[in-house]
Amino acid sequence: MMLKKLPAAVALATLTAFAGSAFAQVKVGVIASSTGPTALVGIPQKNTVPLLPTKVGDLTVEYITLDDASDSTASVTAVKKLLSEQKVDAIIGPSGSPNAMGAIQFVAEAGTPMLAPVGTAAVVLPMTEQKKWVFKTTQNDDIIAEALIEHMSKTGIKTLGLIGTADPYGENWAKVMAGLTEKAGIKIVATEKFQRSDSSVTGQALKILGAKPDAVLVTAPGGPSVLPHTTLVDMGYKGQMYQTHGAALPDFLKLGGKKVEGTILAASLMLVLDEMPDSNPSKKVAADYIAAYEKMHGHKPATFGANVYDAGLLLQQAIPLAAQKGKPGTAEFRSALRDALEQTKELVATQGVYNMTPADHSGFDERGRVMITVKDGTWKLLK
Amino acid sequence: MNLQIAMILGQDGITNGAIYALLALSILLVFTVTRVLFIPLGEFVAFGALTMAAFQAGKAPALIWLVAGFAVAVATADLLASYRNSGRLRFSSAQALRLTYPFVLGYALYQMPLADLPMSVQVLLTLAIVVPLGPQTYRLFYQPIASAPVLILLIVSIAVHVALVGLALLVFGPSGAKTAPFSEAGLALGPITLNSQTLWVIAVSIALIIVLYQFFERTIYGKALRATAINRVGAQLMGISPVFAGKASFFLATLIATLSGVLIAPITTIYYDSGFIISLKGFIGSIIGGLVSYPIAALGAVLVGLLEAFSAFWASTYKEVIVFTLIIPFLLWRSLTIRHVEEEE
């Protein structure tokens, strides 16, 4: 039964394949964790896909969106599927850091560039033969960390307590901070870890209180960044609280309420767009994105969506260059696309300005961050 | 470590431990009566907390439509079963009531000024919405395979857990929620101030345990459940319906879990998938009780809470490792000291 149908199926498949190449279409796979624990990140990313450029020069761009349910194994399956079945020219995603780490090996094997909108710098650092296929559309932790440390030095903070999640995000921050604080002459007096799902961090907070640091930095992605913060405040901690860009979510304000007033963090300018001077190159790009997103979905996007949007902008700029070297769907095109992405210079996007080099596949500089504080329940530019 | 720190940690541990104890008791109750390891129990903790949060935000929780969907499925299953048994489509008034209940409640919810209701009414409404899901879950997923081996029931439990977490994401969305505390006051005890919510958690837990004890010792329904737990076939021969026992145990377990969710929602942020890890810690408690003893299970769960609090202070990186490793010595001790009884299949 099945065998009889096989020749017809093969013929059909060949036909579609030919039809596909005849249209000179670029295929981009998107993997977003629109369900599962990372859904808070993945949903704005999935919602951003319809806003990505569909026509670049003479080429049309088709986006194939898959959900990995926040599961790293499912991400790898999705990546393999996109590579072997859809023969995509580039991949945007996955949403989670561990998920992206797992996918690197496979995109490198297939020679397909991957634009990962993930938090951890580990996907592009240290640069290896495999990671040269990966580009990261978020600020590296150290760019954010430098800004925080600069502020700490300026305000005379000498001792720091760290509390972070026991996952790659928290681990990497602990590493980055250990290096940078030493240079700045700040001493880390307590390093505590907690789980994303913990219902109480009293023990860790007591330990930090006992060490009496001048300031405390919470390094946790998303909603879990609130619990250590409010626990410390409840226990009467009076020092300055710092947060990372992982906390830069509406949820942080909603869950934290009055207790997170006065927090200082460094993050993307999207949070305080109205206060940014018009001279900032990213202001217009970000405002356009937010307006388009709001029109389509009826609410403002979280910054995670902008990371995917930036990936689209990077591709938009690189695809015409790559098209001179080969036809979409071929290995030459994908390789040329990677080279073109690596040579991105002064590309203004929603989060900042990208300047890629062979060593730096994230490409942000100090224009990719602003200092922000919480005042009267909203984000305010720190002046 | 001084006395003050020990007291704060102890308070924290006992608060969480009390919640774990309630869940341990529910798991034990369901297991002894129906042999189901009720993994989805944690979901009802999250449902309770998030429904309460939805009320306080002035929104009618969409969960009521899940209850309605389940009610329709239950009615269909009942009709099919009656057709298969007697060849006729019979629909009793109790079944009709069960079918219409969520729709009436849903309509009422959309009419009420939810955010302005007193907290006690909000709690009752939360229970009214979430608790029917328990018996419905039993009717739909466990009753048709009630006599299957424990392993199959366990696999079904895992499937139901995964499905409910997925539905929870749809119903409540990915963001977490925290509710207002029952009261703001605190109680000074020596060097520390006891949080009022802590007192609520402990008081409600103790009250529930006493009520449950009275229920099982004094009432005919409680005795029927106990009889089923001790000897299923014997109880059936005495006229105790296993379907009734199953539904009653699921009802009680869901009630306790939902109440636990309402109790901890002011203390911590609850996400749609937070329930699982909380019930897993209750599960460790019930393992310590050997899945038979209620008092040891409750004590075990409090031990888990305390251990968690103190290990978070001493070695926060290894907290989870320490808590879950606790299960191994207890399993060893249990399997070495107690004569193993093969389950009759």
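Biologist: Leaving out neighbours within four places in sequence, which residues does Leu271(A) contact?

Modeller: Four of them: Ala248(A), Thr303(A), Ile372(A) and Trp379(A). This is a predicted model.

Biologist: What makes these residues contacts of Leu271(A)?

Modeller: Each has heavy atoms within 4.5 Å of Leu271(A), so each counts as a contact. For Ala248(A), the C-alpha atoms are 7.6 Å apart, with the two positions 23 residues apart in sequence numbering. The cut-off applies to heavy atoms, so the C-alpha separation does not decide the matter.

Biologist: Where does Leu271(A) sit?

Modeller: In a loop of chain A, between strand 11 (264-267) and helix 10 (282-297).

Biologist: Take Gln195(A). What does it touch, leaving aside residues up to four places away?

Modeller: Ala166(A) and Glu320(B). Gln195(A) lies in the loop that joins strand 8 to helix 7 of chain A. Its C-alpha atom is 9.6 Å from that of Ala220(A), 25 residues away along the chain.

Biologist: On to the interface. How many residues does each chain bring to the contact?

Modeller: Chain A brings 28 and chain B brings 27.

Biologist: Why is an area quoted for the interface?

Modeller: Because interface size is often given as the accessible area lost when the parts come together. Here the area buried between chain A and chain B is about 2,200 Å². Carbon and sulfur atoms give 54% of that. Ser199(A), Leu206(A) and Leu255(A) supply 25% of what chain A buries against chain B, more than any other three residues.

Biologist: What makes Asp273(B) and Arg196(A) a salt bridge?

Modeller: Their closest N and O atoms are 3.2 Å apart. The cut-off is 4 Å, so the pair qualifies. The count between chain A and chain B is two salt bridges.

Biologist: And how many residue pairs are in polar contact across that interface?

Modeller: Eight, with both residues at pLDDT 80 or more.

Biologist: Which elements of chain A supply at least two residues of the side that touches chain B?

Modeller: Helix 2 (39-48), strand 8 (187-194), helix 7 (202-211), helix 8 (226-234) and helix 9 (250-256). Helix 7 of chain A has the largest share, five residues. By class, this side of chain A has nine nonpolar, twelve polar and seven charged residues.

Biologist: What makes Glu171(A) and Lys193(A) a link between distant parts of the chain?

Modeller: Glu171(A) is in helix 6 (residues 168-184), Lys193(A) is in strand 8, and they are 22 residues apart. Their closest N and O atoms are 3.6 Å apart. That falls within 4 Å, so the pair is a salt bridge. The structure holds 21 salt bridges over all chains.

Biologist: Now empty space. Why use a probe at all?

Modeller: Because rolling a probe the size of a water molecule over the atoms shows where empty space is left.

Biologist: How many cavities of 30 Å³ or more does the structure hold?

Modeller: Three. The largest has a volume of about 80 Å³. Its lining has 13 residues, and Ser200(A), Asp12(B), Asn16(B), Glu308(B) and Lys319(B) lie nearest its centre.

Biologist: Why is this called a cavity and not a pocket?

Modeller: Because a probe fits inside a cavity but cannot get out, whereas a pocket is open. For the largest cavity, helix 13 (294-314) of chain B is among the elements that give two or more lining residues. Helix 13 of chain B has the largest share, four residues. The lining divides into two nonpolar, seven polar and four charged residues.

Biologist: Which residues line the second largest cavity?

Modeller: Ser199(A), Asn16(B), Ile19(B), Tyr20(B), Ile264(B), Ile267(B), Thr268(B) and Ile278(B). About 50 Å³ of space lies there.

Biologist: What makes five of those residues nonpolar?

Modeller: Ile and Tyr count as nonpolar, so Ile19(B), Tyr20(B), Ile264(B), Ile267(B) and Ile278(B) fall in that class. The lining also has three polar residues and no charged ones.

Biologist: And the second largest pocket: how much space, and which residues lie nearest its centre?

Modeller: About 1,200 Å³. Of 43 lining residues, Thr230(A), Thr231(A), Asp234(A), Lys259(A) and Asn195(B) lie nearest the centre. Helix 1 of chain B gives the most to the lining, seven residues. The classes are 16 nonpolar, 20 polar and seven charged.

Methods:
Residues are numbered from 1 along each chain as its sequence is written. Chains are lettered from A and ligands numbered from 1 in the order in which they are written. This is a predicted model: local features need pLDDT of at least 70, side-chain atom pairs count only at pLDDT 80 or more; totals for chains, interfaces and linings use all residues. Side-chain values use heavy atoms; hydrogens and water are left out. Buried area is the accessible area (1.4 Å probe) that two parts lose on being put together, summed over both. A salt bridge is a side-chain nitrogen of Lys or Arg within 4 Å of a carboxyl oxygen of Asp or Glu. A polar contact is a pair of N or O atoms within 3.5 Å; within protein, one must be able to donate a hydrogen and the other to accept it, and residues adjacent in sequence count only if both atoms are side-chain atoms. On a 1 Å grid over the protein atoms alone, a cavity is a set of points where a 1.4 Å probe fits but cannot get out, and a pocket is an open set with protein on both sides within 12 Å along at least five of seven lines; lining residues have an atom within 4 Å of a point. Grid points are joined across faces, edges and corners, and a volume is the space filled by probe spheres set on the points.
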